[in-house]
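Me: I have a model open on my screen and would like a close look at one part of it. Could you walk me through the sheet and what surrounds it?

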Amino acid sequence: MRAMALTSPGSLLQLQERDDPLPRDGEIRVRVSACGVCRTGLHVIDAELPGIKCPIVPGHEIVGRVDLVGANVTSHGIGDRVGIPWLGYTCGVCRFCKEGMENLCDRPLFTGYTRDGGFATHTIADARYAFPLGELGDDVSIAPLLCAGLIGWRSLVMAGNAERLGIRGFGAAGHIVAQVARWQGRSVYAFTRSDDVAAQDFARRLGAVWAGASDRLPETPLDAAIIYGPAGQLVPAALRAVRKGGRVVCAGIQMSDIPSFPYNLLWQERQLVSVANLTR
């Protein structure tokens, strides 16, 4: 097999020739056909996440076909198309797993971070954490749904039934969630960097009723906002734009420090919450 491996924190990925991996009990080997590039993968490569052990193969938006099955696997067969997401393993015994919050597991493994991912011709996955995809849709289009789509959906659910929804950081997850929110009948407000006119135009083409720079305020207060950009200064800006009782959801796994802000931005029962990982 061939793999693009991070051999030291912050370095360029290196092409490596490796022996074909063999699945262990409960695992499958997948021949990778597509793997999306997620912002979290860049955090891994740039050594912005803790505990990175090199070499590691990044990539966690994986679509491929099973080409070898380990012992005691009945959920997938040879030739099945599967998706492999960020969450690669949970312990099943900690309080979070037992309470249905496996995304907060105390001893998880994450694809492309603490176990090898999809920037390779083949990868190994725990069969329980590989999703059957069926045959609808092409591999390249489906791959981003394994993270941008899943985390995007999770953050949209956490935003509640917001009629007026702000999206800050109009990238992979943002443009997917905008389409879902519009289909649900919500009004979407897209916030981008001040000079990113192309992203603002793109948001309008996808149905956003308003698009502008992150430091601007729309004419009406928003019911909720989701932050996909990794910039901490977006938090007080998002709080400033939501109504009393509104909610701001931080959807990134990594964010720069949140600057100090006056309490009155949070007062009147505004809520600031975070999304961590995903569940199956």
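In what order do the 6 strands of the open sheet come, and is the pairing parallel or antiparallel?

Reply: Happy to. Please keep in mind that this is a predicted model. The open sheet has 6 strands, arranged in the order β12-β11-β10-β13-β14-β15, and their pairing is parallel. At the edges sit β12 and β15 (271–274), each of which pairs on one side only. From one strand to the next, the twist averages 20°.

Let's begin inside the sheet, with β13 and β14. Strand β13 (residues 222–227) runs parallel to strand β14 (residues 242–250), and 5 bridges join them. If you want a spot to click on, try Ala224, whose bridge partner in β14 is Arg247. As background, strands of a sheet pair through backbone hydrogen bonds, either parallel or antiparallel.

Now for the helices. Helix α4 (residues 148–158) packs on the sheet, where it touches β10 (164–168), β13, β14 and β15. The direction of α4 makes about 160° with that of β14. Helix α7 (residues 234–241) also lies across β10, β13, β14 and β15, and runs at about 150° to β14.

Next, move to β11 and β12, where an aromatic pair is worth a look. A search of the whole structure finds 6 aromatic pairs. One of them that lies elsewhere, Trp86 with Phe110, is stacked, with 4.8 Å centre to centre and 15° between the planes. The pair that concerns the sheet is Phe191 with Trp210, which is tilted: the centres are 4.8 Å apart and the planes make 50°. Phe191 belongs to strand β11 (residues 187–192) and Trp210 to strand β12 (residues 210–213), so this pair links distant parts of the chain, 19 residues apart.

How accessible are these two rings' residues? Phe191 counts as buried because its relative accessibility is 0%. Trp210 has a relative accessible area of 14%, so this residue is buried as well. Phe191 has a further neighbour: Arg168 lies over the face of its ring, at 3.8 Å from the ring centre.

To pull the picture together, follow Phe191 outward. This residue in β11 pairs with Trp210 in β12, and its ring face is covered by Arg168. Further along in the strand order come β13 and β14, which are joined by 5 bridges, and both α4 and α7 reach across that part of the sheet.

Definitions and conventions
Residues numbered from 1 in each chain as written. Predicted model: local features only at pLDDT ≥ 70, side-chain atom pairs only at ≥ 80, totals over all residues. Heavy atoms only, no water. Phe/Tyr/Trp six-rings, centres within 6.5 Å; stacked < 30°, edge-to-face > 60°. Helix = DSSP H or I, 4+ residues; strand = E, 2+ residues; numbered from the N terminus. Buried < 20%, exposed > 50% of the residue type's maximum accessible area, 1.4 Å probe, protein only. Lys NZ or Arg CZ within 6 Å of the ring centre and 35° of its normal. Pairing = 2+ DSSP bridges. Axes fitted to C-alpha atoms, helices over the stretch in contact; angles between N-to-C directions. Contact = heavy atoms within 4.5 Å.
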